[in-house]
Amino acid sequence: FSATLPPQTPPQAALYCTNGAAASVTAVDRGMKLVTGVIPVDGAPRGLAIDPLARRGYVALHREDRIEVLDLASGASMGRIPLSPGDGPTDVALAADRTLVVVNERSRTVAFVDPGAMMVLGRVPVGDAPGALLLDRSGRRAFVANRASATVTVIDVGQRAVFGTLSTDPEPLRVGLSRDGSRLYVVHRGSTDLAAFAVPSLAPQGRGLVGLGATSLRVGPRAEL
């Protein structure tokens with residue numbers, strides 16, 4: 001038997017995965033398809049956002065009500081951004097203006113966070129049991145799937161305001177956007193159908209049978225599949 005330390009993968013060539021039970025973030029080298037690093041964090045990490053320019057990662061700590069800031073080049077923590085007690089952050093994304101958009105499951109809110117000042121700038125209410133978060137390609141509009149209230153909240157990130165709310169089948173889990181951003185797709189835990197809605201009007205655009213048990217959704221970047 002022999003043991004070696006893997007080479008450190010540059011952040012631009014790595015994939016990152018949060019591990020809730022292990023309280024860590026795993027780095028995977030895309031080319032070698034090997035784990036090349038494990039970064040310890042606290043508080044049941046959930047969602048993760050990457051800033052490739054600053055080489056930073058932002059991890060939602062569900063139990064700690066905080067966002068942990070990671071230096072991806074060194075694998076070290078750079079500090080934590082405090083949220084409100086009882087927020088329960090579950091997903092996070094980086095907007096076009098470099099604001100962090102944070103979904104808080106327990107407080108049923110979306111918070112807007114300045115990662116430089118490490119402070120919350122504002123927040124808006126969403127539905128019950130919010131989970132999956134998606135930003136459009138411009139990073140100016142966010143979509144939040146609210147599982148318990150069977151809705152998707154649409155948020156204008158620049159204005160920090162709710163743009164609209166659409167009703168879905170029971171327990172929406174994941175959302176996806178068409179290549180041109182004109183259509184929103186939703187899969188549900190409580191429905192066999194994938195539903196489509198027009199953007200920005202939010203009008204229903206049809207549905208298709210995918211069966212029970214769908215857990216994720218991704219729209220192809222080249223073909224509309």
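Is A161 buried, partly exposed or exposed? A161 counts as partly exposed, because its relative accessible area is 29%. Keep in mind that you're looking at a predicted model. From A161 we can wander through a four-stranded sheet, a pair of hairpins, some salt bridges and the largest pocket.

**A161 and its surroundings**

- You'll find A161 in strand β15.
- Across from A161 in β15 stands D156.
- Once you skip the neighbours within four places in sequence, A161 is in contact with V124, I155 and D156.
- V124 sits 37 residues away from A161 along the chain, yet the C-alpha atoms of the two are separated by 6.4 Å.

**The four-stranded sheet**

- Four strands make up an open sheet in the order β12-β13-β14-β15, and the pairing is antiparallel.
- At the edges are β12 (130-135) and β15 (161-167), and each of these pairs on one side only.
- On average, neighbouring strands of this sheet are turned by 20 degrees against each other, direction ignored.
- Zoom in on β14 (residues 151-156) and you'll see that it pairs with β15 over six bridges, in the antiparallel sense.
- Here's a handy thing to look for while you rotate the view: in a regular strand, side chains alternate between the two faces of the sheet.

**β10 and its two hairpins**

- Why can we call β10 largely enclosed by the rest of the structure? Five of the six residues of β10 are buried, so the rest of the structure largely encloses this strand.
- On one side, β10 pairs with β9 in the antiparallel sense, over five bridges.
- One bridge in this pairing matches N104 with T109 in β10.
- The hairpin of β9 and β10 has four residues between the strands, and R108 takes a positive phi near 55 degrees there.
- β10 also runs antiparallel to strand β11 (residues 119-125), with six bridges joining the two.
- In this second pairing, D114 stands opposite M119 in β11.
- The hairpin of β10 and β11 has four residues between its strands too, and M118 in the turn has a positive phi of about 55 degrees.

**D87, tucked into a loop**

- D87 lies in the loop between β7 (76-82) and β8 (89-94).
- Its relative accessibility is 1%, so D87 counts as buried.
- What does D87 touch, leaving aside neighbours within four places in sequence? Its contacts are D65, N104, E105, R106, S107, T109 and R123.

**Salt bridges**

- Side chains of opposite charge can pair when their charged atoms come close.
- How many salt bridges turn up in a search of the whole structure? The search finds eleven.
- One of them joins the side chains of R106 and D65, at 2.9 Å from N to O.
- R106 is in the loop between β9 (100-104) and β10 (109-114), while D65 is in the loop between β5 (56-61) and β6 (66-71), so the pair ties together parts that are 41 residues apart in sequence.
- R106 is partly exposed, with a relative accessible area of 42%, whereas D65 is buried, at 12%.
- Another salt bridge joins E68 and R80, whose closest N and O atoms are 3.6 Å apart.
- With E68 in strand β6 and R80 in strand β7, this pair links distant parts of the chain, twelve residues apart.
- E68 is buried, with 4% relative accessible area, and R80 counts as partly exposed at 29%.
- E68 and R80 also belong to a network of salt bridges that takes in D42.
- R207 and D193 form a salt bridge as well, and their closest N and O atoms are 3.2 Å apart.
- R207 lies in strand β19 (residues 204-209) and D193 in strand β18 (residues 193-198), so this pair ties together parts that are 14 residues apart in sequence.
- R207 is partly exposed, at 49% relative accessible area, while D193 counts as buried, at 18%.

**The largest pocket**

- Rolling a probe the size of a water molecule over the atoms shows where empty space is left.
- The largest pocket has a volume of about 1200 Å³.
- This pocket is lined by 39 residues, and the closest to its centre are L133, L134, L135, V175 and L217.
- β8, β12 and β16 (172-177) each supply at least two residues of the lining.

Technical notes: Residues numbered from 1 in each chain as written. Predicted model: local features only at pLDDT ≥ 70, side-chain atom pairs only at ≥ 80, totals over all residues. Heavy atoms only, no water. Pairing = 2+ DSSP bridges. Axes fitted to C-alpha atoms, helices over the stretch in contact; angles between N-to-C directions. Buried < 20%, exposed > 50% of the residue type's maximum accessible area, 1.4 Å probe, protein only. Contact = heavy atoms within 4.5 Å. Salt bridge = Lys/Arg side-chain N within 4 Å of Asp/Glu carboxyl O. 1 Å grid on protein atoms, 1.4 Å probe; cavity = no way out; pocket = protein on both sides within 12 Å on 5 of 7 lines; lining within 4 Å. Points joined across faces, edges and corners; volume = space filled by probe spheres on them.
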